[in-house]
Amino acid sequence: MSEGVDTLVVEDVSPAHPASDDAPWWKGALIYQIYPRSFQDTNRDGIGDLPGITRRLEYIASLGVSCIWISPFFTSPMADYGYDVSDFCDVDPIFGTLADFDILIKKAHTVGLKVIIDQVYSHTSDQHEWFIESRSSRTNDKSDWYVWADAKADGSPPNNWQSVFGMGAWQWDARRGQYYLHNFLVEQPDLNLHNPVVQAAILDVTQFWLDRGVDGFRIDALNFAMHDRALRDNPAETEFKRPPTRPFDFQRHEMNMSQPELLPFIERIGNVIQNAGAEKFTVAEVGGPRPLSEMKSFTQGNKRLSSAYAFDYLYAEQISADLVRKTQKEWPGIEGEGWPSWAFENHDAPRAVTRWKGSNPSKQYSKLLVLLMAALRGNGFIYYGEELGLEQGEIDFDDLKDPEAIANWPETLGRDGARTPMPWDGNTNVYAGFSDAKPWLPLQDNHASASVALQSKDPKSVLNFTKQVIALRNGCDVLRRGEIQFPSEGELLVFDRMHGGKIRRCVFNLGDNNLAYDGQVDIDVSVGSVGSLICPGSGFISKAS
């Protein structure tokens, strides 16, 4: 067995959409997530915009990813920074215009990138015209478009439901003399998706964006989209994966979310998508402590969604061989089973290298995570800056924007630290090429030194390693489509990917100790020291047959 650092031998590499079997383009794709506020500013207001994304599409295509996912850019008062939508079918002026979006779609397709966008079906902004009408009286045409309920006899809320952001989930509204449900912020009232007219309105939104050329959707908080009609109390939680920090954590969310009536609605979504006439990709975000059964049901068969992802890695305080084996074995590939997706970090979770390695992670560790994502069975999401190995930003309290971080300060790392500006050129100006104006969140000094421009010149950089690893996966149906088996247990993570009679052996040391490995295979791609002892933070993918 050869040894080396950052050794990479990529053979038979093809573009991001390799010639393969009849599987859809998205099966096994690597998808690049963009948080638009923080990607590239072009109008000098310190906030990223759609023209900024368009400007950087060649860079994204150069990574080798198949698709981009753009987080919300819709009209919004920004109480939750875009996830409180006041117009589902328009672009907020801070991001540009519908014409800017059309230009983005056209150019993305020209450079070979698919485009999926966020859809928020469970709630709106309290400034949406639907809610403004709904709250005006109990008899208007949209009076039952949201979840309204009378107070108890003593004036208290209808039940014990708690919101994700650390408060009761019911808000009194004097206009109607009733409470409305908000599973998130007070400014985010929940839609009543039991109402077929509301479902139809939401599906019209889906069709609107399909008509503009999008290639699919990431659906936000889908399992929050329907509630128990009888408004029964949630039972108390008795099993905690981590110490509870919010009232929300003390309940089993059996009544305020995850109702069986959701599946017929998902099939209605699937029907609209399939009628679009071309291969589209839909992926659901599924939160909660027990998401697996919902992910399976949301993606089962061919009438529902393409894929789903949970927070297995996003909220994990440590990554381990046991965690990887557990999550991968939950998707064995049986008949009718959906296809999983994975993310190590995103707009809702602190940067993975900081969560898992503390305040001083190495470049080697960042490369290890890239290699691991490329080896997993399923789709992989790469969050902007992850290809640079960016660490979690440190945001002073006075600079925080995230309502969850402000409410829970200082108990969590918050979400702002993973939403800081993209560093394009550490030598351009004090804002690293993101903007000519002060950014909406502070640029991090250690991010400027990890900029795209600087890493592009370094053949040993995380960025260039990421490109090479993505190229390896793109050219290898074993890694994109193949099944997975674990020949051994233990602290050393060893698994085989198999497809078409070919095998690739994948070996990772995710722990802190040297681990013995006695396999006799030729290394195809590696990071760190590989030999009879696998050093911490090392791994490789090899041809096993």
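This predicted model holds 30 salt bridges. Side chains of opposite charge can pair when their charged atoms come close. Three of these pairs are worth a visit.

Start with Asp 496 and Arg 505. They form a salt bridge, and their closest N and O atoms are 2.3 Å apart. Both Asp 496 and Arg 505 are buried. Salt bridges can also share partners, and one network built in this way joins Asp 80, Asp 348, Asp 402, Arg 415 and Arg 419.

Next comes Lys 142. Its partner is Glu 133, with 3.5 Å between the closest N and O atoms. The two ends fall into separate classes of exposure. Lys 142 has a relative accessible area of 18%, so it counts as buried, the limit being under 20%. Glu 133 has 27%, so it is partly exposed.

The third pair is Arg 229 with Glu 261. Here the closest N and O atoms are 3.7 Å apart. Both residues sit in the loop between S9 and H6, yet 32 residues separate them, and the pair links distant parts of the chain. Arg 229 is exposed, at a relative accessible area of 55%. Glu 261 is partly exposed, at 29%.

Stay with this loop for its backbone. It runs between strand S9 (216–220) and helix H6 (262–274), and Ala 221 lies in it. Ala 221 is not a glycine, but it has a positive phi of about 45°. Its relative accessible area is 5%, so Ala 221 is buried. Ser 258 belongs to the loop between S9 and H6 as well. Ser 258 also has a positive phi, of about 60°, and is not a glycine either. At 28% relative accessibility, Ser 258 is partly exposed.

Now turn to the rings. A pair of aromatic rings is described by the distance of the centres and the angle of the planes. The structure holds 40 such aromatic pairs. One of them joins Tyr 32 and Phe 39. The ring centres are 6.1 Å apart and the planes meet at 65°, so this pair is edge-to-face. Tyr 32 and Phe 39 are both buried. Another pair is Phe 73 with Phe 74. Their centres lie 4.7 Å apart and their planes are at 40°, so the pair is tilted. Phe 73 and Phe 74 are buried too.

Ring pairs can also chain together. Tyr 32 and Phe 39 belong to a cluster that also takes in Tyr 59, Tyr 383, Tyr 384 and Trp 424.

Some nonpolar side chains lie at the surface. Phe 397, Ile 406 and Trp 409 form a nonpolar patch there, with about 280 Å² of accessible area together. Phe 397 is in the loop between strand S13 (379–383) and helix H11 (403–408). With a relative accessible area of 38%, Phe 397 is partly exposed.

Two other loops deserve a look. The first lies between strand S4 (87–91) and helix H3 (98–110), and holds Ile 94. Ile 94 is partly exposed, with a relative accessible area of 22%. Which residues does Ile 94 contact, leaving aside its neighbours within four places in sequence? They are Arg 37, Asn 43, Asp 45, Ile 47, Gly 48, Asp 49 and Met 78. Asp 41 offers another reference point. It is 53 residues from Ile 94 along the chain, and the C-alpha atoms of the two are separated by 9.9 Å.

The second loop runs between strand S5 (114–120) and helix H4 (129–134), and His 128 is found in it. Is His 128 buried or exposed? Its relative accessible area is 3%, so His 128 is buried. Not counting residues up to four places away in sequence, His 128 touches Val 85, Ser 86, Asp 87, Phe 88 and Tyr 146.

Finish with the cysteines. A disulfide is a covalent bond between the sulfur atoms of two cysteines. How many disulfides does the structure hold? It holds zero. Cys 535 shows the spacing in one case. The nearest cysteine sulfur is that of Cys 506, 19 Å away. A disulfide needs the two sulfur atoms within 2.5 Å, so Cys 535 is in none. At 24% relative accessibility, Cys 535 is partly exposed. Cys 67 is buried, with a relative accessible area of 0%.

Conventions. Residues numbered from 1 in each chain as written. Predicted model: local features only at pLDDT ≥ 70, side-chain atom pairs only at ≥ 80, totals over all residues. Heavy atoms only, no water. Buried < 20%, exposed > 50% of the residue type's maximum accessible area, 1.4 Å probe, protein only. Helix = DSSP H or I, 4+ residues; strand = E, 2+ residues; numbered from the N terminus. Contact = heavy atoms within 4.5 Å. Patch = residues over 30% accessible without salt bridge, like charges linked within 9 Å, V, L, I, M, F, W, Y side chains within 5 Å. Areas by Shrake-Rupley, 256 points an atom, 1.4 Å probe, with all protein chains shown as cover. Salt bridge = Lys/Arg side-chain N within 4 Å of Asp/Glu carboxyl O. Phe/Tyr/Trp six-rings, centres within 6.5 Å; stacked < 30°, edge-to-face > 60°.
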